[in-house]
Amino acid sequence: MNVLLPDTLPQALELLSQNGDAVPMAGGTDLMVHWHVRPEAHQHTFVDLSRLEALKPLSWTADMLVLGGLTTYWDVIRDERTREEFPLLVDAARQVGAIQIQARGTWAGNIVNASPAADGVPVLMAYDAIVVLESRRGREQVPLDRFYSGYKQMRRRPDELIVAIHVPRRRYSYQVFEKVGSRRAQAIAKVGLAVTRSDAGWRVVAASVAPTIRRCPTVERLLETGAAVASPSDLLPAIAQDVAPIDDIRSTAHYRTRVMARLLYHDLRDFWGK
Ligand SMILES: Cc1cc2nc3c(=O)[nH]c(=O)nc-3n(C[C@H](O)[C@H](O)[C@H](O)COP(=O)(O)OP(=O)(O)OC[C@H]3O[C@@H](n4cnc5c(N)ncnc54)[C@H](O)[C@@H]3O)c2cc1C
């Protein structure tokens, strides 16, 4: 195992540009968990980001919350202002693993790990977060809802780091995060859901029901129209347009679809045309 320890962001970007196969490491809670079953990973070169102070702070501007490329769940849980303005970030952070994982795991790591069952990604997407990528060639910003192109496929080149995540500040009239797992803590989601409503409209984001975390445009449009929905089954045609759940070790496609419909119906019953 070869570990490089840059002290600054420019050094880290230089190392990534020189070592095409180098893997950035933040909290290591995804990378290290498979260590004993993936011996091929032992040959990789890792770029440990832990000394990059520039990526750590969580900060506020007039227009947005800025999460650094190394901001952890615990940083968000501790921030009173985030709790007030973006409560779903705190709800999701509190449901990631246990305190040890919340203290080490980062939001950027959650995005790049690209699990369809992630908890950080759906709430960020429901708040229209923007991923800020940087390499030696420069910076680019990608809306999180356009970041993934397929299972574990994303708009990040190997030499790019997520240096920040921008979360636009808006007035929200509705927000909810739901995670359904086999137990309350230390569980991977069978179904996840984040819903927000602001001046920008409805955002309905689903987890564990498709190869990537994704927005549900058909359900969003249904909410915008104020159409009447009398029961969870009335939502199934719209849900079928937006997601593609599978049977796997954690659940079945049938269960996932039904649970998603029930969550949407019961959480949003005040809005379904009544
Ligand atoms: C016991 C346990 C429980 C868990 N529970 C949950 C849970 O409930 N919900 C959940 O969503 N996740 C869970 N996880 C997964 C994990 O903790 C999260 O996905 C976490 O956010 C990963 O962040 P990290 O900093 O540890 O990433 P790392 O493991 O360091 O990296 C993950 C990936 O991101 C890349 N990466 C990291 N930072 C950057 C960056 N700044 N720029 C570019 N690439 C980067 C790495 O190269 C790697 O590909 C759990 C993990 C464990 C071990």
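Me: Where does Arg169 sit, in terms of the strands around that residue?

Reply: In this predicted model, Arg169 is placed in the loop that runs between strand E10 (161-168) and strand E11 (172-180).

Me: And is Arg169 buried, partly exposed or exposed?

Reply: Arg169 is partly exposed, since its relative accessible area comes to 25%, and the cut-off for buried is under 20%.

Me: What does Arg169 touch, if I ignore residues up to four places away in sequence?

Reply: With those left out, Arg169 touches Trp60, Thr61, Ala62, Asp63, Met64 and Leu65, and also Arg81, Glu85 and Phe86. For Glu85, which is 84 residues from Arg169 along the chain, the separation between the two C-alpha atoms is 7.8 Å.

Me: OK, zooming out: how is the protein divided into domains?

Reply: There is a domain 1, made of 2-37 + 56-168, and a domain 2, which covers 172-267. Between them, 26 residues from domain 1 and 23 residues from domain 2 take part in the contact, and the centres of the two domains, taken over C-alpha atoms, are separated by 23 Å.

Me: Let me go to the sheet with E13. What is the strand order there?

Reply: The order is E11-E12-E13-E14, in an open sheet of four strands with antiparallel pairing. E11 and E14 are the edge strands, each of them pairing on one side only. As general background, strands of a sheet pair through backbone hydrogen bonds, either parallel or antiparallel.

Me: How many bridges hold E12 and E13 together, and which residues stand opposite each other?

Reply: Strand E12 (residues 191-198) pairs with E13 in the antiparallel sense over seven bridges. Among the facing residues, Arg197 stands opposite Trp202 in E13, while Thr196 has Arg203 of E13 as its bridge partner. The connection from E12 to E13 is a hairpin through two residues.

Me: What about the other side of E13, towards E14?

Reply: There, E13 and strand E14 (residues 214-215) run antiparallel and are joined by two bridges. Val205 is the residue that stands opposite Arg215 in E14.

Me: Why would you call E13 largely enclosed?

Reply: Because seven of the seven residues of strand E13 (residues 201-207) are buried, the strand is largely enclosed by the rest of the structure.

Me: Anything odd in the backbone of the hairpin between E13 and E14?

Reply: That hairpin has six residues between its strands, and Ser208 takes a positive phi near 70 degrees in it. What makes this worth a look is that Ser208 is not a glycine, and, in general, most residues other than glycine have a negative phi. Ser208 itself lies in the loop between E13 and E14 and is buried, with a relative accessible area of 8%.

Me: Thr212 is in that stretch too, I think; what does Thr212 contact beyond its neighbours within four places in sequence?

Reply: Thr212 is indeed in the loop between E13 and E14, and, with those neighbours left aside, Thr212 is in contact with Pro116, Tyr148, Gly150 and Tyr151. Thr212 counts as buried, at 12% relative accessibility.

Me: Back to phi for a moment: what is the value at Gln186, and where is that residue?

Reply: Gln186 has a phi near 50 degrees, which is a positive value in a residue other than glycine. Gln186 lies in the loop between E11 and E12 and is partly exposed, with a relative accessible area of 44%.

Me: Different topic: which residues make up the nonpolar surface patch?

Reply: The patch, of about 410 Å², is made by Met1, Val3, Leu5, Leu31 and Met32. Of these, Met1 is placed in the segment before strand E1 (2-4) and is exposed, with a relative accessible area of 54%.

Me: Last one: where is Ser135, and is that residue buried or exposed?

Reply: Ser135 is found in strand E6 (residues 130-135) and is buried, with a relative accessible area of 3%. Not counting residues up to four places away in sequence, Ser135 touches Leu13, Asp159 and Glu160.

Key
Residues are numbered from 1 along each chain as its sequence is written. This is a predicted model: local features need pLDDT of at least 70, side-chain atom pairs count only at pLDDT 80 or more; totals for chains, interfaces and linings use all residues. Side-chain values use heavy atoms; hydrogens and water are left out. Buried means under 20% relative accessible area, exposed over 50%, partly exposed in between (1.4 Å probe, protein chains only). Two strands pair if DSSP finds at least two bridges between them. Patches are made of residues with over 30% relative accessible area and no salt bridge: like charges are joined within 9 Å, nonpolar side chains (Val, Leu, Ile, Met, Phe, Trp, Tyr) within 5 Å. Accessible areas come from the Shrake-Rupley method with a 1.4 Å probe; for residues, only the protein chains shown count as cover. A salt bridge is a side-chain nitrogen of Lys or Arg within 4 Å of a carboxyl oxygen of Asp or Glu. Domain bounds come from an automatic or database domain assignment. Contact means heavy atoms within 4.5 Å.
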